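Trainee: Could you take me through one part of this model in some detail? I'd like to look closely at the second largest pocket and at a helix that helps line it.

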Amino acid sequence: MTETGQNQTRLTPKAGDEDFAVFRENGIYYVDKTQYLKPLFVDTDSRFLLLRPRRFGKTLTMSMLRHFLEMDYQNPGDTSRQQELFRGLKVTEDQKFCEEHMGRYPVVSVSLKSADGVAYDDAFERLAGVISRLAENFSWLDGPELTEKEHVFLDRLSDFDYLRQPAGRGFAEQSLIFLCHLLRKRFGDSRKPVLLIDEYDVPLQKAAIGGYYEPMSKVIGALLGDALKTNEDISKVIMTGCLRATKEGIFTGLNNLELDTVLTEESGLRAAIGFTPDEVRAMLEYYGLGDLYEKARSWYDGYSIGGQDLFCPWDVTKYVKELCRSKAPAAVTPKSYWNNTSNVNIVTEFMPHLAPKDSDRMQELVAGRSVAVNVDEGMSYGTLRLNNLSSEQLWNILLYTGYLTLDEHCDNGINRLRIPNREVLKCFRDNISKYYEGKGESPYGILARNLIGQLFSCDSDNAAESLQSLLAGFVSLRDNATRAPHENFYHGFLDGLFAAAGDDIRDYKSQAESGSGYADITFKSRSRTEAVVIEIKYAKDSSTDLTALANSALAQIEEKGYAKSLLCNPKIKRVVECGIAFHGRDCDVSCGELLP
């Protein structure tokens, strides 16, 4: 596809295409990362794991690596295809590296990103499809030099209908190491194969969320375990993913695994995945859009890896593509492209599990500040289900998947994290708002309805307990910080809470700014025969007696006659007067009943 206007002949950039050859053969704009081929392949250990956030370009990087390394199986030594694909790119400036490694290796390259499903059988079937297609690519290895057992094994791997059955599991689990064995057998010790495994952890992540973690972790552990251990059939293994799975058995006994993560300080690969500011500026200028760099920067910049400032490639590419399609690029509003690619919204799932400390952290983040987190570079996907996660693990997931980024290294494993940019901030705010707007049978709506019932029942103790529970996990978007005036914070909390009650209340009024003579909040029951009047007080320090303060709020309702106008309505049969006292994330409630 070409953009319109002044650059009619230039193809628009592509987001989603992950085959390096497609970019090069079709003249699609490509951000040259080939200078990282050498540090990625030569300067790393024989077993190497590269962890980066989602949508950062891991798959395209692995495709680049495969196309550079993979030999011509029909004409070993012929590198004409590589010479054409990499012509003019930075890697060709290192002639020695190209002579030694370009087109010299058998390569087994597999991506596990599609090996997921709603249940184990579905996910395993997808995995079987990935493996059978991979095996079909190597069907030419079949020949008289194979033993009968090897011939049968290769045939089974290529048979999807067999592989997806329970009897095919053992073949699937040994597929990678078996294909590497056949390649070494064919090309000898001087050309031991390279194994590339992209998005190795996706099946584990999906399984943990989908509830079939145990069977899938055994399959993935067996599939990758032997391949990662030192053996004579593989010269190099390079993997990519988001998180390091430490307790799945994949890395058990593996002492030679080198790790490069979003927190690695001295990384020669810090800019290998992700767009630098200079690369983004060059892309925009290529399409005649250089004057929009600052807008792009404010929305999509802000990630920090090894001290390198980075943009998310997916966002930039989608944004530039939309600009190229528009007749008025300067009027195009940046969108949240990155957030829309996830089928699991971690922020929304996170909200019901916020402890008070986590709520304070979330409040600081949406206010644009950083928070201190004890970052663990190794996690078990077996605890990925949110009700099993510790507080620190939740923040770790947000970091490694790209919702947060490093702001500052501290001591003793503590790191300060922040939201990287406006796009991800919008993601946080939109999904926090979505959670609080949930009505009816949503988790938040159910809690709100329970509180409403307690207030209409004049149940002070349970209402206070419910409010404390809800307040512990509350994040305000109205005032953008706990440092804002207390009345803003607590009125925002109650307004959102009562809005979530849905049809359980009628005629809701929040009159916090109406001055004396009015209660802070009033509402009626569904039948409009009962009403609640609320007055709010705020304690300045922790030594304040919240019970006494709540009672004084209740007394103010009586003294000021806030409920009298309600009782003038002949439909109203009773009014509950409610004083609520707040301090921090603590509160108390005092209720009284007023009859006509």
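**The second largest pocket and α3**

Mentor: Sure, and keep in mind that this is a predicted model. Let's start with the surface: the chain exposes about 25300 Å², and 46% of that comes from carbon and sulfur atoms. Of its 596 residues, 55% count as buried. The chain has 24 helices and 15 strands. If you take contacts between residues at least 6 apart in sequence, 71% of them join residues at least 24 apart.

Now to the pocket you asked about. The second largest pocket holds about 570 Å³ of space, and 22 residues line it. Look for R66, S109, V110, S111 and N137, which lie nearest its centre. The elements that each give two or more residues to this lining are α3 (58-69), β2 (107-111), α6 (120-137) and β3 (194-198). As for chemistry, the lining is a mix of nine nonpolar, six polar and seven charged residues.

So what about the helix? α3 has 12 residues and spans 17 Å from its first C-alpha to its last, close to the 16 Å expected at 1.5 Å a residue. α3 is also mostly covered, with 10 of its 12 residues buried. The buried ones are K58, T59, T61, M62, S63, M64, L65, H67, F68 and L69. R66 isn't in that buried set, and R66 is one of the residues nearest the pocket centre.

Definitions and conventions. Residues numbered from 1 in each chain as written. Predicted model: local features only at pLDDT ≥ 70, side-chain atom pairs only at ≥ 80, totals over all residues. Heavy atoms only, no water. Helix = DSSP H or I, 4+ residues; strand = E, 2+ residues; numbered from the N terminus. Buried < 20%, exposed > 50% of the residue type's maximum accessible area, 1.4 Å probe, protein only. Contact = heavy atoms within 4.5 Å. Areas by Shrake-Rupley, 256 points an atom, 1.4 Å probe, with all protein chains shown as cover. 1 Å grid on protein atoms, 1.4 Å probe; cavity = no way out; pocket = protein on both sides within 12 Å on 5 of 7 lines; lining within 4 Å. Points joined across faces, edges and corners; volume = space filled by probe spheres on them. Nonpolar A, V, L, I, M, F, W, Y, C, P; charged D, E, K, R; others polar. Expected span 1.5 Å × (residues − 1).
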